Amino acid sequence: MRKRKQEENKGTPEWMLTYSDLVTLLLCFFVLLFSFSEIDAQKFKAIMQSFQGSLGVMPGGKTIQSSPYISTSNLPEELTTKELEELEDFKKLMALIEEYSENANLDNKIVAHIDERGLVIRVLDNVFFDSGKADIKPKAKEILIFLSEILNKDEFKDKQIKIEGHTDSDPIIVSNSFPTNWELSVIRAANVLRFLVEKQNISGDRISAGGYSYYRPVAPNDTPENKAKNRRVDIVILKSTVSQIEPN
């Protein structure tokens, strides 16, 4: 009898069987939950990029990456027919801008690229303005006339436009007109907007202007060359899926 009881006491305790069944069931439950979900990494990346752009926050304290080349690598892989057509229109416009800048010997001063907001036409400040001033140069008006003719074409006439002024980090020398870089960047953008609306008949309900001082650099403000890159005006043609009121 004593030997039989010792044999019966050997083996896995009964509570372990119940516990292992419970763990197995939980594992199956979570596997099912995971299989029902769909994780779209590309869409998640696009959403995060849009938040970074709209809130002015860059990952790891980095600046916006600048490139004179046309880039669409950060666009979602899956596009609707309308979005594909819009992308093709942007590419055609970029080709026109590239040709114009080459003919005008402005290769490195007028560049274009596509980001999550749409098409960004970047013009360095010395093309439009004299140092520390916000009056548009006479020759620069020819560039704006060229751009406005394109923007008034059928494929772009319904697109929303944002004019964005940017400066470097150097403080403003004593000036009654521009106490800080905020005023300078805002007034420069506003003057470009006014020329497009008042002189070139761009509809006022499809365009807006904003100034960002030196808080959205495309390069570190550590050398004269990089500072020159940051002093710029961006003309952004927004995609149809991006709202005009989005604070980009």
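**A walk from helix H7 into the sheet**

Just after helix H7, Asn 201 adopts a positive phi of about 60°. This is a predicted model, and the end of H7 is a good place to start looking around it.

Step back along the helix itself. H7 takes in residues 181–199, and at 1.5 Å a residue these 19 residues should span 27 Å; the C-alpha atoms at its ends lie 26 Å apart, which agrees. At the start of H7, a side-chain oxygen of Thr 180 comes to within 3.2 Å of the backbone nitrogen of Trp 182.

Now consider how H7 sits in the protein. Its buried residues are Asn 181, Leu 184, Ser 185, Arg 188, Ala 189, Val 192, Leu 193, Phe 195 and Leu 196. These residues cover an arc of only 165° around the axis, so they are on the same side of H7. It helps to recall that an α-helix has 3.6 residues a turn, so residues three or four places apart point the same way. What do the buried residues of H7 pack against? Their partners are helix H5 (125–128), helix H6 (138–151) and three strands, namely S3 (161–166), S4 (207–211) and S5 (232–238).

One of these partners, H6, passes the length check as well. Its 14 residues should span 20 Å at 1.5 Å a residue, and its end C-alpha atoms are 20 Å apart, which agrees. The buried residues of H6 are Ala 140, Ile 143, Leu 144, Phe 146, Leu 147, Ser 148, Ile 150 and Leu 151.

From the helices we can move to the strands. Five of them form an open sheet in the order S1-S2-S5-S3-S4, with mixed pairing. The edges are strand S1 (110–114) and S4, each of which pairs on one side only. Direction ignored, neighbouring strands of this sheet are turned by 20° against each other on average.

Following the sheet inward from the S4 edge, S3 and S4 run parallel and are joined by five bridges. Here Ile 161 stands opposite Ile 207 in S4. On to the next pair: S3 and S5 run antiparallel, with six bridges between them, and His 166 stands opposite Arg 232 in S5. S5 also pairs with S2, in the antiparallel sense and over seven bridges; in this pair Val 120 faces Val 236 in S5.

S5 deserves a pause. Is it mostly covered or mostly open? S5 is mostly covered, with seven of its seven residues buried. In a regular strand the side chains alternate between the two faces of the sheet. In S5, Arg 232, Asp 234, Val 236 and Leu 238 point one way, while Val 233, Ile 235 and Ile 237 point the other way, and all are buried.

Which helices lie across these strands? H7 lies across S3, S4 and S5, running at about 160° to S4. Helix H4 (residues 81–103) lies across S1, strand S2 (118–124) and S5, and runs at about 165° to S1.

Let us finish on H4, with Lys 91, which lies in this helix. At 35% relative accessibility, Lys 91 counts as partly exposed, because that class falls between the 20% limit for buried and the 50% limit for exposed. Lys 91 and Ala 112 are 21 residues apart in sequence, and their C-alpha atoms are 9.6 Å apart in space.

Conventions: Residues numbered from 1 in each chain as written. Predicted model: local features only at pLDDT ≥ 70, side-chain atom pairs only at ≥ 80, totals over all residues. Heavy atoms only, no water. Helix = DSSP H or I, 4+ residues; strand = E, 2+ residues; numbered from the N terminus. Expected span 1.5 Å × (residues − 1). Buried < 20%, exposed > 50% of the residue type's maximum accessible area, 1.4 Å probe, protein only. Arc of directions from axis to C-beta. Contact = heavy atoms within 4.5 Å. Polar contact = N/O pair within 3.5 Å; in protein donor to acceptor, adjacent residues only side chain to side chain. Pairing = 2+ DSSP bridges. Axes fitted to C-alpha atoms, helices over the stretch in contact; angles between N-to-C directions.
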